[in-house]
Amino acid sequence: MLVYEMKLEGQKVQYERLDEAIRTGSFVRNSIIKAWMDGQVKSRNDAYKYCKVLADNPNFPWAKKLNSMARQAHAERAWAAIERFYKNCKAKVPGKKGYPKFKKYQVRASVEYKTSGWKLSEDRRYLVLTDKFEAGTFKLWGSRDLHYYQLKQIKRVRIIRRHDGYYAQFLIDHTREEKKELTGKQTGLDVGLNHFYTDSEGNQVDNPRFFRKDERQIKKLQKRLSRTKKGSKNRIKARNRLGRAHLKVSRRRNDWACIAAQHVIRSNDLVAIENLKVRNMVKNHHLAKSINDAAWYKFREWLEYFGRIYGVPVIAVEPFNTSQNCSNCGKKVSKTLSTRTHRCPHCGYEADRDENAAINILQSALKQLSTTPGRGESNISGETGLCLDGETQYR
Ligand SMILES: [Zn+2]
């Protein structure tokens, strides 16, 4: 699945109708979660059926206005949340199991259409929403050309509201494959705060300078927001400014991660990484670390994406003493975070701490490959949320 994103341009009244559609999508989702809590919905099929119940209820006239397949798409979202909860319970995941919650109002929200309820103009520069919210025709702004694909390849259209406007995402059913010469190289990557990554040959890629700049900018805006009075106009303004800054930062990060990942995939025949848990990363409140984590997460998604395109296996290994063990003799050599060099008292091997870790990552990936054939490849992003804007900048 490819995702293309374009900005929507319309009139204020049209945006208000998009808001209504977005609100209705959340309403469908929340109603189904509620019906599940009450025991009325017990399966995905029940969830689909419940869409009709909502649409037929005269108390909710808005439910009928949303395209029927879009209602189903939101039933799927509700059911996905329920299913995730069941799965976590079954797997006995420690801590919170993710009991489905109701979606509250947020600026960033979306409504999802499937193959009906929208139309593209002949020249594919305009998107028309055709359901009963009557949002009408929007001009599409973006660097991508939708002409390349057939209409039937567009499986979904998501309308997303962000701090700086409304966007349409087109989910396109397309498998891309690219030819790549074998390079005879395999690599392991270790990520950290000191360098963005270190590979198993000791090459280091530093964090781009804009990470720090972005961090300072966001800190400044956070401070400004905290100085405003609750409920005041200035607070709304400050929050909006902060929201936009976050958006800008994440786009820049995504572009950068995309380019870096494509480079790694094209220069190797196998890439090994550490299976870092997103959950642990998001919890972190330290700003510099959170910016780094988010970039690393995007980088990993892009690695897996390009890995599939170029036929390069990307293998995620469980982080287990990767920085502690000696990559030469396998013995554990304890070190604190500030110890930058690995010096093994057992075999005398010496290397940069991160390089030693990267070698361990590559070695355990190869071991994993040889013991569990076909199961080594990681896949955290079956349904990808990646957006290809960044990819166009690759040279
Ligand atoms: Zn050793």
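The overall dimensions of a predicted model are described here, followed by two residues with positive phi angles.

The secondary structure of the protein comprises nine helices and 14 strands. The domain assignment divides the protein into domain 1 (2-172) and domain 2 (186-209 + 255-393), the second being given as two segments of the chain. The centres of domain 1 and domain 2, taken over C-alpha atoms, are 34 Å apart.

Along the principal axes, the C-alpha atoms of the protein occupy a box of roughly 80 × 50 × 45 Å. The radius of gyration is 24 Å, which agrees with the value near 21 Å for a compact globule of 395 residues. Of the 395 residues, 30% count as buried. Contacts between residues at least 6 apart in sequence were also examined: 69% of these join residues at least 24 apart.

Two residues other than glycine, K92 and E134, have a positive phi. For K92, phi is near 50°. K92 is located in the loop between α4 (68-90) and β2 (109-113). K92 counts as exposed because it has 7 C-beta neighbours inside 10 Å, the limit for an exposed residue being 12 or fewer.

In E134, phi is about 50°, and this residue belongs to the loop between β4 (126-129) and β5 (136-141). E134 has 13 other C-beta atoms within 10 Å and is therefore partly exposed.

Key: Residues numbered from 1 in each chain as written. Predicted model: local features only at pLDDT ≥ 70, side-chain atom pairs only at ≥ 80, totals over all residues. Helix = DSSP H or I, 4+ residues; strand = E, 2+ residues; numbered from the N terminus. Buried ≥ 20, exposed ≤ 12 C-beta atoms within 10 Å, placed from the backbone. Domains from an automatic or database assignment. Rg over C-alpha atoms; globule rule 2.2 N^0.38 Å. Contact = placed C-beta atoms within 7 Å.
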